[in-house]
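Okay everyone, thanks for coming. Let me put the structure up, and then I'll talk you through a few parts of it.

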Amino acid sequence: MKKKVSTILLASFLLLSACSSKAPDTTGTATGTPTGTGAAKEITVWAWDKNFNIAAMKLAQEAYAKDHPDVKINIVEYAQDDIIQKLNTGLNSGTTTGLPNVVLIEDYRAQSFLKTYPDSFQDLSASIKASDFADYKIGPTSLNGKQYGLPFDSGVTGLYVRSDYLQQAGYKLDDLKDINWQQLIEIGKAVKAKTGKDLLTQDPNDLGLIRMMIQSAGAWYLKSDGSTPDLKDNAALKDAFATYKELMSANIVKITSDWNSFLAGFNSGSVAAVPTGNWITPSIKSQADQSGKWAVVPFPKLKNTASSVHASNLGGSSWYVLNNPGKEAAAEFLGKTLGSDVNLYQKLVTDVGVIGTYKPAAQGEAYTKADDFFGGQKVISDFATWTTQIPKVNYGMHTYAIEDILKVEMQNYLKGTDINKVLSDAQSQAESQIK
């Protein structure tokens with residue numbers, strides 16, 4: 001699937017948190033990994049999205065092959081849901097037979113795997129330097145002081161805006177660089193009055209915007225322990241819900257229902273802004289005739305939450321090594337490539353559009369280059385800076401399960417139910433459903 005985050009969590013996955021966390025049987029072999037001492041000459045990698053994650057891993061493969069021509073790296077593409085199912089099936093059975101050496105896991109799901117199968121993943125603390133990566137990525141990828149994931153792409157957010165529409169409405173880009181959501185709503189009203197264009201698109205069944213709003217304030221659906229629902233008394237979530245309702249009531253939102261209509265909203269020129277993760281850049285740039293008409297400004301803050309900043313995240317994944325024969329070779333491969341190769345990260349930006357979370361890469365030429373499509377703005381450099389400002393939160397184990405509850409309650413709220421009742425009901429449901 002595209003980088004847009006799926007809102008569906010397999011029901012079976014929710015049940016696995018109560019399953020046994022027995023150590024895996026490593027007497028079998030991972031796909032493509034020879035039996036023996038563990039000094040594998042083959043490494044198998046599972047990931048999704050051929051144009052993004054798979055393409056990025058192929059660049060890592062090429063870089064590693066220069067000094068390690070004897071190591072064969074098999075890169076296998078599966079849909080993300082298929083990877084989740086295959087991992088759960090294999091790890092729950094207590095064996096790594098048939099599983100890969102390296103697997104990509106979405107950050108929102110990582111803690112579920114690490115806590116449910118604590119003996120199934122290789123500690124990468126000695127293979128990478130965790131402090132070299134964006135701070136906000138360390139929480140999802142580590143457990144009990146050990147670094148299990150190699151932080152990969154940044155889901156750092158920005159507000160993509162049509163500078164020509166803003167100009168028609170009497171605004172300059174500087175007018176949007178330090179604003180809250182209420183100020184943006186007022187700007188959106190002016191833009192629509194002058195141009196007839198809606199401010200942005202929104203799928204009522206996708207709470208990505210709520211995620212971005214609350215993480216900008218260092219808050220999440222769960223308390224810091226990553227397992228206790230935090231909805232009823234969550235001030236940032238209440239502020240985000242109220243802001244969302246104000247946005248939806250302002251008659252400046254174009255309603256969409258799927259990924260294609262989301263893309264069509266801005267590719268067709270129907271909306272003036274796109275608040276989302278940086279991974280949308282290639283899709284925005286796909287319309288060559290819009291070159292010079294776009295810019296990216298910092299993400300708006302929540303007005304009534306003092307901790308909210310102009311930086312947030314949506315999406316993002318990291319790489320993990322399974323505890324099976326070949327784990328040492330797999331850990332070395334990741335450490336020598338995505339764990340330390342600054343030049344590789346420059347190619348990831350230029351060839352694939354991946355903005356990594358490896359801090360030293362931000363000083364490279366590809367990160368500091370001006371982009372003519374965005375009017376000469378150094379957008380990659382801006383995104384890299386905003387990545388360092390993203391508040392760190394614990395996504396925990398239940399992001400999608402809680403959002404299934406909140407999607408229903410959001411509709412109740414938009415129809416007039418009191419916000420306190422909405423969040424109280426959501427809290428009760430979460431406490432009864434999530435164990």
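I'll go through the pockets, then two helices, then a few loop residues. Keep in mind that this is a predicted model.

So, pockets to begin with. The largest pocket holds about 400 Å³ of space. It has 16 lining residues, and the closest to its centre are Lys285, Val349, Thr350, Asp371 and Ile380. Which helices supply at least two residues each to that lining? Those are H11, at 281–284, H13, at 342–352, and H14, at 379–387. H14 gives the largest share, with three residues. If you sort the lining by class, you get eight nonpolar residues, four polar and four charged.

Now the second largest pocket, with a volume of about 250 Å³. Here 13 residues do the lining, and Ala63, Tyr64, Lys66, Asp341 and Leu344 are the closest to the centre. Two elements give two or more residues to this one: helix H2, residues 53–65, and H13. So H13 turns up again, having already supplied at least two residues to the lining of the largest pocket. The largest share here is from H2, though, at four residues. By class, this lining has six charged residues, four nonpolar and three polar.

On to the helices. Look at H16, residues 419–433. There are 15 residues in H16, and from first C-alpha to last the helix reaches 21 Å, close to the 21 Å you'd expect at 1.5 Å a residue. Which residues of H16 are buried? That would be Ile419, Val422, Leu423, Ala426, Gln427 and Ala430. They sit on the same side of H16, because they cover an arc of only 135° around the axis. And what do these buried residues pack against? Two helices: H9, at 235–248, and H15, at 399–414.

Next is H7, which runs from 181 to 195. This helix also has 15 residues, and reaches 20 Å from first C-alpha to last, close to the expected 21 Å. Its buried residues are Trp181, Gln182, Leu184, Ile185, Ile187, Gly188, Ala190, Val191 and Thr195. Their packing partners include three strands, E7 (157–162), E8 (200–202) and E10 (273–277). On the helix side, the buried residues of H7 pack against H6 (163–168), H8 (208–215) and H9. H9, you'll remember, is also packed against by the buried residues of H16.

Last stop, the loops. Most residues other than glycine have a negative phi. So have a look at Asp49, where phi is near 70°, a positive value. Asp49 is in the loop between strand E1, at 42–47, and H2. Is Asp49 buried or exposed? Buried, because its relative accessibility is 10%, and the cut-off for buried is under 20%.

Asn251 has a positive phi too, near 60°. You'll find Asn251 in the loop between H9 and strand E9, residues 253–255. Asn251 is exposed, though, with a relative accessible area of 57%.

One more, and then I'm done. Asp174 is in the loop between H6 and H7, and at 58% relative accessibility it counts as exposed. How far apart are Asp174 and Phe374 in space, C-alpha to C-alpha? The distance is 15 Å, with their positions 200 residues apart in sequence.

Okay, that's my tour. Happy to go back to any of it.

Terms used
Residues numbered from 1 in each chain as written. Predicted model: local features only at pLDDT ≥ 70, side-chain atom pairs only at ≥ 80, totals over all residues. Heavy atoms only, no water. 1 Å grid on protein atoms, 1.4 Å probe; cavity = no way out; pocket = protein on both sides within 12 Å on 5 of 7 lines; lining within 4 Å. Points joined across faces, edges and corners; volume = space filled by probe spheres on them. Nonpolar A, V, L, I, M, F, W, Y, C, P; charged D, E, K, R; others polar. Expected span 1.5 Å × (residues − 1). Buried < 20%, exposed > 50% of the residue type's maximum accessible area, 1.4 Å probe, protein only. Arc of directions from axis to C-beta. Contact = heavy atoms within 4.5 Å.
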